Amino acid sequence: MQLLLVRHAESENNAKPVHNRVCDPSITARGRLQADCLGKWMSGLAIDQLITSPFLRTLETTRSILQHAHAPPRRYPVSVWHDVFENGGCYHGHHEKNFAGAPGLNQSAIQSFFQEIAAQFPDRDPPPLTLDPEIDESGWWGGKDRELPEEMQARSLAVIKRFEQTFAQQPDEEILGDRENPVVVLIAHADFLREMLSQMLAGRVAMDAIGPIPNTSITSLQWSTMGWKLTSLNSVTHLPPRLVTGHQALLS
């Protein structure tokens with residue numbers, strides 16, 4: 001399996017002071033340009049599965065990828081996973097004294113989001129869409145308390161194992177066909193991607209060498225029974241220099 005880890009495009013929270021953060025921001029005008037560049041670049045790939053977190057900023061980044069997927073074989077099946085969200089979950093506030101859980105988008109809202117994308121292209125069949133059953137009508141986060149750092153670490157390990165079991169050890173023939181080396185893309189968040197990389201590459205790559213993860217940057221890894229191998233890190237070659245953001249700080 002080739003796994004591409006992609007950080008979402010610049011969000012409103014990335015562009016504002018932390019005290020102005022909101023629980024589920026959209027991407028900015030600059031973020032839309034970043035996502036468009038990402039979509040154009042990815043249109044040249046034969047992607048077997050596109051996975052996104054249920055946050056709005058990752059869904060909006062995914063939308064640009066789908067808008068550039070003009071024809072088969074670039075009709076990417078899409079999955080929304082409930083467990084690849086950013087550190088902390090979906091919450092209001094900017095300090096531990098005022099944190100409060102938020103519901104997050106619910107099943108109907110996410111399905112409507114993708115239906116609106118499909119409606120833009122009536123001459124195309126919409127890509128297959130699956131949502132984790134944990135995403136229900138109460139919202140994918142359901143107003144829970146803010147996630148603790150040790151909970152994110154455990155979640156990251158479980159997600160890595162989910163990738164290995166779903167796309168390598170027991171590939172789904174209906175989704176991945178006969179390809180022996182499927183290409184899987186995850187659209188997620190800086191802190192969570194760093195945590196995944198720290199576990200995938202433990203003992204082989206110093207985390208200080210990874211540095212900040214820019215918006216829409218692409219990290220490529222290859223998985224086999226021998227483990228994970230890093231093939232490229234935080235690539236932003238699809239972006240003009242003026243659109244590179246998030247490379248100076250660790251922001252979600």
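Begin by selecting Met42, Leu50, Phe114 and Val185, the residues with the most contacts inside the largest nonpolar core, which has 31 residues; such a core is a set of buried Ala, Val, Leu, Ile, Met, Phe, Trp, Tyr and Cys residues joined through side-chain atoms within 4.5 Å, where buried means under 20% relative accessible area with a 1.4 Å probe and protein chains only. At least two residues of this core come from each of S1, H2, H3, strand S3 (78-80), helix H4 (107-119) and S7; helices (H or I, at least four residues) and strands (E, at least two) are DSSP runs, numbered from the N terminus.

This is a predicted model, in which local features need pLDDT of at least 70 and side-chain atom pairs count only at pLDDT 80 or more, while totals for chains, interfaces and linings use all residues. Residues are numbered from 1 along each chain as its sequence is written, and side-chain values use heavy atoms, with hydrogens and water left out.

Centre next on Phe114, which touches Leu59, Thr62, Leu66, Val78, Val80 and Leu129 when residues up to four places away in sequence are not counted, contact being heavy atoms within 4.5 Å. Apart from the 31-residue core lies another, of 26 residues, among them Ile51, Met152, Phe163 and Phe192.

Now display the strands, seven of which form an open sheet with mixed pairing in the order S6-S3-S2-S7-S1-S8-S9; two strands pair if DSSP finds at least two bridges between them. Strand S6 (129-131) and strand S9 (227-235) are at the edges with a single partner strand each, so one side of each has no neighbour in the sheet. Inside the sheet, select S1 (residues 2-7) and S7 (residues 183-188), which pair in the parallel sense over six bridges, with Val184 of S7 as the bridge partner of Leu3.

Helix H2 (residues 29-42) packs on this sheet, touching S1, S7 and strand S8 (218-224), and its direction makes about 165° with that of S1, the axes being lines fitted to C-alpha atoms, for helices over the stretch in contact, with angles from 0 to 180 degrees between N-to-C directions. Colour Gly31, Gln34, Ala35, Cys37, Leu38, Gly39 and Met42, the buried residues of H2, which pack against S1, helix H3 (56-67), S7 and S8. Helix H7 (residues 190-200) lies across S1, S7, S8 and S9, at about 145° to S1.

Finally, colour by pLDDT, the predictor's confidence in each residue from 0 to 100: its mean is 90 for the protein, and 91% of the residues reach 70 or more. Over residues 169-175 pLDDT stays under 50, and the model has ten contacts beyond four places in sequence for them. Where pLDDT is low, the predicted coordinates should not be read in detail.

Definitions and conventions: Buried < 20%, exposed > 50% of the residue type's maximum accessible area, 1.4 Å probe, protein only.
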